[in-house]
Amino acid sequence: MRIVILGCGRTGAALARIMAAEGHRVTLIEWNNDSLERLGGKFTGAVITGNGLDEDVLKKAGIEQADMFVALTEGDNRNLMAAQIAKDRFRVPKVIAKVNDPIRAEAYRERGIYTICYSLIGSAMIRDLAYDRPLGSVEEYNVVPPELKD
Amino acid sequence: MYIIIVGAGNVGYYLAKTLLNAGHEVLLIERDKRRCDLLRDEFGESVMRGRGDEIRTMREAGADSADIVVACTGDDEDNLIISQIAKWYFNVPRTVARINDPRNESIFQQLGIDATVSSTNIIYHLIEQEIEAGEVIPLAALKRGNIEIVDVELSTRSPVVGKRVQDLPLPPDALIVCIIRQENAMLPHGDTVLEANDSVIALVSAQNERQLRKVFAEEQEE
């Protein structure tokens, strides 16, 4: 698979290293050179330094041929905008975005961007642990519970 | 009209001030507490602290009864999400987003934002017109159709002076909608004859604008 990952935070770096080691063609976009140290010395993928909302940078990263695009920066809105560019502009078949605000994550999931909400997944998992219940699936965790809908 | 402005930087601040003076109902939403406190002295109830990209804030702001939501923070991605949430969740009839990187204009249009404003682009167009002697002025990109309104003043040496509208070699997707002659606006017919000093107002698809410009411009010597 050809995978473009935006954001070399902990998740982005881990995903890039694992997928590259598994033989996929990984390109990582990151604008802060210091973050790239997370990749370690053995990363076999490509790195593009630049702004992930810039079409030229995305093209340089090979988004036009990508099978998958993953937006993992610290900014929810940045991830959502990048994901929409990848999906609607470049027709990338599989687009995933990290969104920390549960409500916004759900809003965009309903409109075709696959969003992953760590805060929902983490809190739901801890709740199951608190009640000594068997752990649920990520799909179940990734849904906004009624308590959070105002 | 009820207008919600998200982002109280310089653009949002002066826009709110101008709209309030014009008698509109305005709510200025700003996420920074200190900025809000500062603005409250001047705007009172018309300032609200919160994040315009959060559905809860927009509900509190009464977005479902807003006529226009203007997203004018300093970040394009925030302005996009603010506008989309306003549209999807509150059916706001018109959303306007400020754009910093002019290349985002077409992306925003593709993603459903009604209107975008890029100060970079406006200044660039002003400079470009200066250089090209300003015979054709793009007034506004018409919503999502990517259509421009152009206003051309015919010089005495324009090749179309004395010609009938129906005989003009117009590019495809171009329509002459109005002719202003000696300060009177008239709706042209096919047999209307163009005169020097007429102002011709036309709608044209953005990609054919340059071609339309050539039709009216006086011939350049090679």
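In this predicted model, B:Ile29 stands opposite B:Met48, a residue of strand 3 of chain B. Strand 3 of chain B pairs with strand 2 (residues 25-30) of chain B in the parallel sense, over 3 bridges. The points below cover the sheet around this pair, the helices on it, the domains of chain B, the contact between the chains and one loop residue of chain A.

**The sheet of chain B**
- The sheet in chain B is open and has 6 strands, paired in parallel and ordered 3-2-1-4-5-6.
- Its edges are strand 3 (47-49) and strand 6 (115-118) of chain B; each has a single partner strand, so one side of each is left without a neighbour in the sheet.
- From one strand to the next, the twist averages 20 degrees.

**Helices packed on the sheet**
- Helix 1 (residues 10-21) of chain B packs on the sheet and touches strand 1 (2-6), strand 2, strand 4 (68-71) and strand 5 (94-99) of chain B.
- The direction of helix 1 of chain B makes about 165 degrees with that of strand 2 of chain B.
- Helix 2 (residues 33-43) of chain B also packs on the sheet, where it touches strand 2 and strand 3 of chain B.
- Between the directions of helix 2 and strand 3 of chain B the angle is about 160 degrees.

**Domains of chain B**
- The domain assignment divides chain B into domain 1 (2-122) and domain 2 (133-216).
- The centres of domain 1 and domain 2 of chain B, taken over C-alpha atoms, are separated by 35 Å.

**Contact between chain A and chain B**
- Chain A gives 16 residues to the contact, and chain B gives 15 residues.
- On the side of chain A that touches chain B, the elements giving two or more residues are helix 3 (76-89) and helix 4 of chain A.
- Helix 3 of chain A supplies the largest share of that side, with 8 residues.
- By type, the residues on the side of chain A that touches chain B are 6 nonpolar, 3 polar and 7 charged.

**A loop residue of chain A**
- A:Arg111 lies in the loop that runs between helix 4 (102-109) and strand 6 (114-116) of chain A.
- Is A:Arg111 buried, exposed or partly exposed? A:Arg111 is partly exposed, because 13 other C-beta atoms lie within 10 Å, whereas a buried residue has 20 or more and an exposed one 12 or fewer.
- A:Arg111 and A:Ser123 are 12 residues apart along the chain, and 24 Å separate their C-alpha atoms.

Terms used:
Residues are numbered from 1 along each chain as its sequence is written. Chains are lettered from A and ligands numbered from 1 in the order in which they are written. This is a predicted model: local features need pLDDT of at least 70, side-chain atom pairs count only at pLDDT 80 or more; totals for chains, interfaces and linings use all residues. Helices (H or I, at least four residues) and strands (E, at least two) are DSSP runs, numbered from the N terminus. Domain bounds come from an automatic or database domain assignment. Two strands pair if DSSP finds at least two bridges between them. Axes are lines fitted to C-alpha atoms, for helices over the stretch in contact, and angles run from 0 to 180 degrees between N-to-C directions. Two residues are in contact if their C-beta atoms, placed from the backbone, lie within 7 Å. Ala, Val, Leu, Ile, Met, Phe, Trp, Tyr, Cys and Pro count as nonpolar, Asp, Glu, Lys and Arg as charged, and the others, Gly among them, as polar.
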